[in-house]
Amino acid sequence: MRFKGVVPAVSIIFFYLFSLFMPLSSLAEELPIVTAIHVKGLKRIDEGAVTAKISQKVGLPLSSEKTAEDIKTIYKMGYFDDVKVEIEPFEGGITVFYMVKEKPTVVKVDFQGNKETEDQTLREKITLTPGAISDITLINDNAGKIRAYYEDEGFYLSQVVPVLRTVSEGEVAVTFQIREGEKVKIREIQVTGNQAISAGNIKGAMKITERGMFSFITGGGYYKKEEMKGDIERIRDLYYSKGFLKVTVAEPVVRLTEDKKGMIIAISVSEGEQFRVSEVSLAGNKAFPEQELRTLISMAPGQVFSRETLRKDIAAIYDKYGNNGYALVSVAPDLIPDEATRETKVIYHIDEGDRFRIG
């Protein structure tokens with residue numbers, strides 16, 4: 001009796017087994033005992049790795065719930081295309097066979113359609129190599145890596161489709177079919193919602209730029225997804241350094257021009273209120289008196305809060321402790337903003353650690 005990984009099939013097997021092993025009046029009283037468990041169909045995967053996942057045990061009654069769950073668990077290992085169960089009478093009980101069909105092995109990975117990029121460059125961007133299990137999730141993930149690379153190179157409309165070809169039984173070749181398309185230039189970066197900081201200053205803080213006269217020298221003017229993530233943080237940092245602690249920068253909206261050769265990037269900013277410093281204090285310092293450390297701190301009450309100043313203060317405290325043997329000192333700033341007064345307290349928490357000497 002065979003079945004695939006579905007619970008109703010397990011129930012059918014149980015009914016069939018009960019009718020073989022006992023009279024109908026005893027069906028509800030006893031279940032057949034499992035006298036042996038085997039895994040069949042393995043070629044490359046170690047049997048112990050599979051049996052470790054099996055909850056059905058020898059010497060115990062056969063359980064439809066456990067065998068059904070075992071099928072799901074073995075399948076989730078990611079090594080198999082199919083998992084079935086066969087049950088046979090054996091020595092006064094039954095033998096449970098977990099029948100598996102291993103996924104094929106990738107024996108070749110190549111590329112087609114790539115004109116602007118060498119094969120070797122693409123191989124360095126992926127993790128799929130000959131000898132790997134032909135797992136569709138892994139293959140699609142690597143297609144995404146190639147697509148991300150092309151996007152970072154300005155080929156925003158590129159397409160990557162993985163194609164599997166059977167080489168022999170249990171072996172496949174994977175070809176990534178690539179359509180590079182044309183590079184898409186950034187025609188315009190639009191900034192909305194900004195009042196305290198000009199659009200020019202915001203775009204000046206970004207690494208992604210509009211395509212200009214000298215872009216062919218600088219290599220700019222193309223959309224790069226990872227670079228854009230960094231630019232969003234740089235915009236936030238620009239606002240933090242001017243006291244806008246509640247600023248939010250939305251994910252950029254990218255749209256193509258009608259001719260599909262250019263793009264417009266829209267960035268929306270919600271500035272919030274500007275905060276000033278109401279109080280500056282230190283905590284955790286024991287090696288040096290507070291007054292001595294305060295001479296290192298530039299942040300002062302009444303100033304507009306600045307993350308740049310905060311960083312300089314932290315660096316100065318680190319240098320003070322580091323130059324006196326406190327190699328493991330850490331400084332953690334804590335901001336306590338008051339939205340009603342639009343002021344914030346700044347606390348420098350110092351964990352001095354031990355003092356080290358040269359042995």
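Of the 359 residues in this protein, 40% count as buried. Keep in mind that we are looking at a predicted model. The chain is built from 10 helices and 14 strands. The protein exposes about 20,200 Å², and carbon and sulfur atoms supply 50% of that area. As for how the chain folds back on itself, take the contacts between residues at least 6 apart in sequence: 60% of them join residues at least 24 apart.

**Two open sheets**

Let's start with the sheet that involves β5, β6 and β7. It is an open sheet of 3 strands, in the order β5-β7-β6, and the pairing is mixed. The edges are taken by β5 (105-112) and β6 (159-168), each of which pairs on one side only. From one strand to the next, the twist averages 20°. β6 and β7 (residues 171-179) run antiparallel and are joined by 9 bridges. If you want a pair to click on, Gln159 has Arg179 in β7 as its bridge partner.

Further along there is an open sheet of 3 strands with the order β12-β14-β13, and here too the pairing is mixed. β12 (276-283) and β13 (330-338) each have a single partner strand, so one side of each is left without a neighbour in the sheet. Ignoring direction, neighbouring strands of this sheet are turned by 20° against each other on average. Helix α10 (residues 307-322) packs on the sheet and touches β12, β13 and β14, with its direction at about 20° to that of β14. Within the sheet, β12 and β14 (residues 343-351) run parallel, with 7 bridges joining them. Leu282 is a handy place to look, since its bridge partner in β14 is Tyr348.

Here are the two strand pairs set out together.

| Strand pair | Direction | Bridges |
|---|---|---|
| β6 and β7 | antiparallel | 9 bridges |
| β12 and β14 | parallel | 7 bridges |

**Helix α5 and what it packs on**

Now for α5, residues 136-152. How far apart are the end C-alpha atoms of this helix? They are 24 Å apart, and since 17 residues at 1.5 Å a residue should span 24 Å, the two values agree. At the N-terminal end, Asp135 acts as a cap: one of its side-chain oxygens lies 3.2 Å from the backbone nitrogen of Thr137. After the helix comes Gly154, with a positive phi near 100°.

The buried residues of α5 are Ile139, Asn142, Ala143, Ile146, Tyr149, Tyr150 and Glu151. What do they pack against? The list takes in β5, β6 and β7, along with α4 (119-123) and α8. Those three strands are the ones that make up the β5-β7-β6 sheet, so you can follow the buried residues of α5 from the helix to strands of that sheet.**Two buried residues**

Val50 sits in helix α2 (residues 47-51). With a relative accessible area of 0%, Val50 is buried. Leaving out residues up to four places away in sequence, Val50 touches Val39, Leu42, Ile45, Ile74, Met77 and Phe80. One of these partners, Val39, is 11 residues from Val50 along the chain, and their C-alpha atoms are separated by 7.7 Å.

Is Ser241 buried or exposed? Its relative accessibility is 19%, and buried means under 20%, so Ser241 counts as buried. This serine is in the loop between α8 (225-240) and β9 (248-249). Not counting neighbours within four places in sequence, Ser241 is in contact with Phe305, Ser306, Arg307 and Glu308. Arg307 and Glu308 fall in the residue range of helix α10 (residues 307-322).

**Positive phi away from glycine**

Most residues other than glycine have a negative phi. Two loop residues are worth a look on that score. Lys260 is not a glycine, yet has a positive phi of about 65°. You'll find Lys260 in the loop between β10 (253-256) and β11 (262-270). Arg342 is not a glycine either, and its phi is positive at about 55°. The loop that holds Arg342 runs between β13 and β14. With a relative accessible area of 42%, Arg342 is partly exposed.

Terms used: Residues are numbered from 1 along each chain as its sequence is written. This is a predicted model: local features need pLDDT of at least 70, side-chain atom pairs count only at pLDDT 80 or more; totals for chains, interfaces and linings use all residues. Side-chain values use heavy atoms; hydrogens and water are left out. Two strands pair if DSSP finds at least two bridges between them. Helices (H or I, at least four residues) and strands (E, at least two) are DSSP runs, numbered from the N terminus. Axes are lines fitted to C-alpha atoms, for helices over the stretch in contact, and angles run from 0 to 180 degrees between N-to-C directions. Buried means under 20% relative accessible area, exposed over 50%, partly exposed in between (1.4 Å probe, protein chains only). Contact means heavy atoms within 4.5 Å. Accessible areas come from the Shrake-Rupley method with a 1.4 Å probe; for residues, only the protein chains shown count as cover. The expected span of a helix is 1.5 Å times one less than its number of residues. A polar contact is a pair of N or O atoms within 3.5 Å; within protein, one must be able to donate a hydrogen and the other to accept it, and residues adjacent in sequence count only if both atoms are side-chain atoms.
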